[in-house]
Amino acid sequence: MAKLYVNPNVKKGHINPELQGHFSEHLGRCIYEGIYVGEDFQIPNVNGMRIDVVEALKEIHVPVLRWPGGCFADEYHWKDGIGPKAGRKKMINTHWGGVVEDNSFGTHEFMELCRQLGCKTYINGNMGSGTVQEMSEWVEYMTFEGVSPMADLRKENGHEAAWTVDYFGVGNENWGCGGNMRPEFYGDMYRRYQTYVRNYNGKPISKIACGANAADYHWTDKVLETVFDHGSGFMNGLSLHYYTLPTGNWSKKGSALEFDEKDWYRTLKQTLVMEDLIRNHGAIMDRYDPKKKIGMIIDEWGAWYDVEPGTNPGFLYQQSTMRDALVAGINLNLFNKHCDRVKMANIAQMVNVLQALILTEGAKMLKTPTWHVFHMYQYHQDGDLVDSYVETKGVGIEEDVKVPNLTESVSISGDGKLHVTMTNLSLEESCEIEGVFVESKVNTVKGTVLTGDMRAHNTFDAPDSVHTEDFTSIAAEGDRIRFTMPPCCVLHLEVELA
């Protein structure tokens, strides 16, 4: 029997709701067809946004949405996406599929989507192919209330009041698709560009610098060294991108649906690399920012497989199984456990792309296993991380791909309830667990579980094959609870202390 220790009296950090953030790029069918269908389309919509998709996203309380990219951001010129839609410029989406981008979804539409979702806004600016003036004018267009050329233009385009931009990314992946820059050069460019991301009318914008690709610790070190030279007061966050690749090989990543037990464990082992990245990049950040005022912003994460057969390879469309549910659960637990440094994380991507929460096909829509994990984990949002630890053992079919069988995180919400989320990475072994709550007495406990075969997934013909169920086999006595986690599962427990 494994022991789970929880000390509700020791709080270790605050869990920003933004740790369960999302990412939507002009890529494949994420925006068009997935989220936005236009005002005159036959699929039910409000101001062009699909009602079914918006309602599903509201169920998980989306806290923040990043847009317009991704690689697309550094070729996006925002003035092409404002004004009457008939007059908006068309362009070729050179990064994703070579399709025509008609710019019918632009700044006004994004802000309307965030209004409907009730979430914060995270705009990614164009440093790669854009100018300082272009970025500065975009911020002015969106956020200035007074009389100015850009504020007047916004009003002419139908929106009198300024919007709030909560986060602004100064470039994206500038080590690669955002300009193939050296870290020192990017650091100097960041210093210049961010100067003109103005805070208007007392509404501060959190500025996010482009951080590293996976384990590129040199990038983190040199960017921070450059930015901190002669002053450090103009960076609120530093990004990190890491994708789970089952093979670790970008040229042949593996199938989302056709995989075996070794692929299962290999994928989860690759997912657990995230903790090493957080610790190692965090240690570099600590040298420059020991008080942790700069947040680590993991604004692209998730599983990345080969595209589904017969689909456009530039659209990055893949199915989602119980394996992806475990990928999500592991990562979200890690973000919680490191909430002293990690302040936002945005899964890639929201709809129809990579590890999507929602898939659509015409008027049909389904919720993936990953959606169900976010639905369970939403109770951590805005809670306080409390001290917890679980005993683990290695599981796997080969020594080189063994992983710990369990991961966990525990928070206490504003109403005093404890929320325990756990994953069982084993494909075959259930796990008996005794939970010990230090200096506390358990009053009630209830739970929700997501489990199934490793390849289990939802389809448009069977959209509810994978779904959560009540987890009732829990015994509580004094300061302890006892329960058995099934294999291949994600679990949420709500514990009320006496």
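The exercises below, each with a worked solution, concern a predicted model.

**Exercise 1. The open sheet**

Determine the strand order of the open sheet, and explain why β23 and β24 each have one side without a neighbour.

Solution. Begin with the order, which is β23-β22-β26-β20-β19-β16-β1-β21-β25-β24, a total of 10 strands with mixed pairing. Next, consider the two ends: β23 (469–471) and β24 (474–477) are the edge strands, and each has a single partner strand, so one side of each is left without a neighbour in the sheet. Finally, the twist from one strand to the next averages 25 degrees.

**Exercise 2. The pair β22 and β26, and the position of E494**

State how β22 and β26 run relative to each other, parallel or antiparallel, and decide whether E494 is buried or exposed.

Solution. Strand β22 (residues 442–451) and strand β26 (residues 489–497) run antiparallel and are joined by 9 bridges. Within this pair, K446 has E494 of β26 as its bridge partner. Helix α9 (residues 369–377) packs on the sheet, where it touches β20 (418–424), β22 and β26. The direction of α9 makes about 170 degrees with that of β22.

Turn now to E494 itself. The relative accessible area of E494 is 15%; the limit for a buried residue is under 20%, so E494 is buried. Leaving aside residues up to four places away in sequence, E494 touches K417, L418, H419, T444, V445 and K446.

**Exercise 3. The surroundings of β21**

Identify which strands are joined to β21 by bridges, and in which direction each pair runs.

Solution. On one side, strand β1 (residues 2–14) runs parallel to β21, with 5 bridges between them; here V6 stands opposite F437. Strand β25 (residues 480–485) runs antiparallel to β21, with 6 bridges, and in that pair G435 faces I481. As a last step, consider burial: of the 7 residues of β21 (residues 431–437), 6 are buried, so the strand is largely enclosed by the rest of the structure.

**Exercise 4. The buried face of α1**

Explain why the buried residues of α1 line one face of the helix.

Solution. First list them: in helix α1 (residues 51–59), the buried residues are V53, V54, A56 and L57. Viewed down the helix axis, these residues fall within an arc of 160 degrees, so they line one face of α1. The general principle is that an α-helix has 3.6 residues a turn, so residues three or four places apart point the same way. Then ask what covers this face: the elements include β4 (49–50), α2 (107–117), β14 (358–361), β15 (364–367) and α9. Just after the helix, H61 takes a positive phi of about 55 degrees.

**Exercise 5. The barrel and its helices**

Describe the closed barrel and establish which strands α3 and α6 touch.

Solution. The barrel has 8 strands with parallel pairing, in the order β2-β5-β8-β9-β10-β11-β12-β13. On average, and with direction ignored, its neighbouring strands are turned by 30 degrees against each other. As an example of a pair, 4 bridges join β8 (residues 120–125) to β9 (residues 167–170), and the bridge partner of I123 is F168 in β9. Helix α3 (residues 132–143) packs on this sheet and touches β5 (64–67), β8 and β9; its direction makes about 160 degrees with that of β8. Helix α6 (residues 217–228) also packs on the sheet, touching β10 (206–213) and β11 (237–244), and its direction makes about 145 degrees with that of β10.

Key:
Residues numbered from 1 in each chain as written. Predicted model: local features only at pLDDT ≥ 70, side-chain atom pairs only at ≥ 80, totals over all residues. Heavy atoms only, no water. Pairing = 2+ DSSP bridges. Axes fitted to C-alpha atoms, helices over the stretch in contact; angles between N-to-C directions. Contact = heavy atoms within 4.5 Å. Buried < 20%, exposed > 50% of the residue type's maximum accessible area, 1.4 Å probe, protein only. Arc of directions from axis to C-beta.
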